[in-house]
Amino acid sequence: MNDSKALASRRRFLKTAAGGAAAAAGVLHAPFIIAQPAKIKVGLMLPYTGTYAALGTAITNAFKLYIAEKGGKLAGRELEYVVLDDESDPAKGVDNASRIVNRDKVDVLVGTVHSGVQAGMVKVSRESGVLSIIPNAGFGAATGALCAPNIFRTSFSNWQTIHALGKVMMEKGHKTCAWITHKYAAGQEMFEGFKEGYEKVGGRIVKDLWLPFPNVEFQALLTEIAAAKPSATACFFAGGGAVKFVKDYDAAGLKKNIPLYGNGFLTDGTLQAQGASAQGILTTLHYADSLNVPKDREFRLNYAKAYKLQPDVYAVQGYDAAQLLDIGLKAVKGDMKNTKGMIKAMEGVTIDSPRGKWKMSKAHNPIQDSYLRQVVGEQNKFVGVAWKALEDPARGCKMG
Amino acid sequence: MDTAIFFIQVLNSVQYGLLLFLVASGLTLIFGIMGIINLAHGSFYMIGAYLAFSLTGLIGDFWLALAAGVVVAVLIGLALEWLVIRFLYDRDHLYQVLLTYGLILIFEECRSLLWGDDVHGVPVPPALDFSIPLTENLSYQVFRVAMSAICLAIAAGMYWLIQKTRLGMMIRAGSVNREMVQSLGINIGLLYRVVFALGVALAAFAGMLGSPVSSVFPGMGNQVLIVSFVVVVIGGIGSVKGALVAALAIGFADTFGKVLLPQIAGMVVYLLMAAILLWRPQGIFGKA
């Protein structure tokens, strides 16, 4: 399927190229026709099948929504897309990224969702120097030890999503807690981000529990939590795992005496399936429902009108990826070859995002507010700001 | 670990083991009696869970949905056997792996088209949606106890079917010598079709019964498939009794592995498999 899509886009490209040649030939005879500048090639390498398909689609929808709002052009130049389904398969990350960069020769690479695939893309971006925008994956090193001038992120680092949670739990009077997550790279990064924040304010993690990925048989570990009798539980789960964990935690009767906390992935896009068991859970994330941000209301309205769907945090991140590209292109008047000029304009920029204004850090990651949200019905309702302008420590990044 | 917690962990082990048995029993039937390596077994489990989700929404009652779902699963099983599986009996395992792997891809795509890629939940039947307190902050959901009871009942029913009924006798004979059974005037083609449908129905039933606690999500079958094969191999191919013992052993290994050896929790089940196969290469109840 990838091949046929790529082939089709190549065919389209050949056609436009042929058209361009014909137009150029035409110029010789008709001196009044002005040649159009070539289109900007945007590579969208995102998951369109598999578990993260909905996320890839939301990012793509919102990216294209912004372009449509600008009349289909950025800095006077039209865009064309090279779309590649990365299937969230880390084994194909490097191959897919180098195909879209080296063979399809995209001007800018937008992607992806899965951190493992992102690791491969970062490698290709660093080697080729192609301008890259990450619209989701929270892989810490992308704006940490592996940061690079041409790599920007409009989403979050894993650390950033959960660092404020410890402070929130302490304010609620939980001096001890248990921690539980899947044993894999993202789980480890979340644990470190949480632990640092929680211990800084005097909290103590009495038990850290790890489950082999993607095992979802939680009973044994829930029993361990009950035995350890912490004041609260903090966790990181997403998607299907999050649904089952929240339901099992509630069914085991733990929720009443040992409240459950997590970062927003625990309750984002999963509330319909979690039903009553998720009610009241407090989470932290850089986006929430019923945010009092005018830009958000406008964005939600336009998105719903265009796609007959409510946008989510992933859509917001995709929208901001397009905004960032627009800012870079405007600064160089559409001259995509002037990568240096674009990077300069994109560094330190403030983005007027639906999530609220945020600033690009020196390591090219958003400095953004972490919101405290509570599950009410099928919404993650905004409760307050858990941490104003939270910046990822970008450990190991030598830039800036 | 104090005694109360220890016994709760034992309860967790048994409950997980029994559900594993339910999934794996269908696999051991198809694998052991028909000689088909059925990689699509996990897909039938997934189809069961999605059927439970849709039918519960449609009918409004979990138990009626379960009954309706079994009928649908049997029909799917009969149709599949007639359409594709019956051409595999005389082929070697490579063809079976190829075809049933193809079925996984087809079922995943159909699932995506019919139900989309979102995660869904199935409500626990209201009559069983309460918990028994075990310690001051831990309780046990009654639905989980009911699940275990149903799994035990199915195990007993299968034992009776295979050991005590005429159909069971034919199934056992058919697994030993297909031609001989045929020459005795028994319609072996029909017999195999029934066994395959039974295997599919068992997997789908496990998916349906587990759906209120497992939730319903894309790719859920693949997780179950691997551990089901482990159960079948440890227990001895084709042995229902072996599947029960092996499933319980894995339930214990998985539960206590997570608690006592968290660093290698993901490996414990496979270490157990390796140890048992070194001791008995044909599995605990397998025929040498």
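Let me start with two helices of chain B in this predicted model. Helix α9, residues 220-235, and helix α10, residues 240-260, pack at an angle of about 120 degrees, with their axes 8 Å apart. Helices here are DSSP runs, H or I, of at least four residues, and strands are E runs of at least two, numbered from the N terminus. Axes are lines fitted to C-alpha atoms, for helices over the stretch in contact, and angles run from 0 to 180 degrees between N-to-C directions. The angle makes α9(B) oblique to α10(B); under 35 degrees counts as roughly parallel, over 145 as roughly antiparallel, 65 to 115 as roughly perpendicular, and the rest as oblique.

Which residues make the contact? From α9(B) they include B:Val227 and B:Ile234, and from α10(B) they include B:Ala243 and B:Ile250. Contact means C-beta atoms, placed from the backbone, within 7 Å. By class, this contact has eleven nonpolar, two polar and no charged residues. Ala, Val, Leu, Ile, Met, Phe, Trp, Tyr, Cys and Pro count as nonpolar, Asp, Glu, Lys and Arg as charged, and the others, Gly among them, as polar.

Now the two chains. 32 residues of chain A are in contact with 32 residues of chain B. On the chain A side, the elements giving two or more residues include α2 (53-69) and β8 (204-212). That side divides into 16 nonpolar, ten polar and six charged residues.

On conventions, residues are numbered from 1 along each chain as its sequence is written, and chains are lettered from A and ligands numbered from 1 in the order written. Local features need pLDDT of at least 70, side-chain atom pairs count only at pLDDT 80 or more, and totals for chains, interfaces and linings use all residues.

Technical notes:
Two residues are in contact if their C-beta atoms, placed from the backbone, lie within 7 Å.
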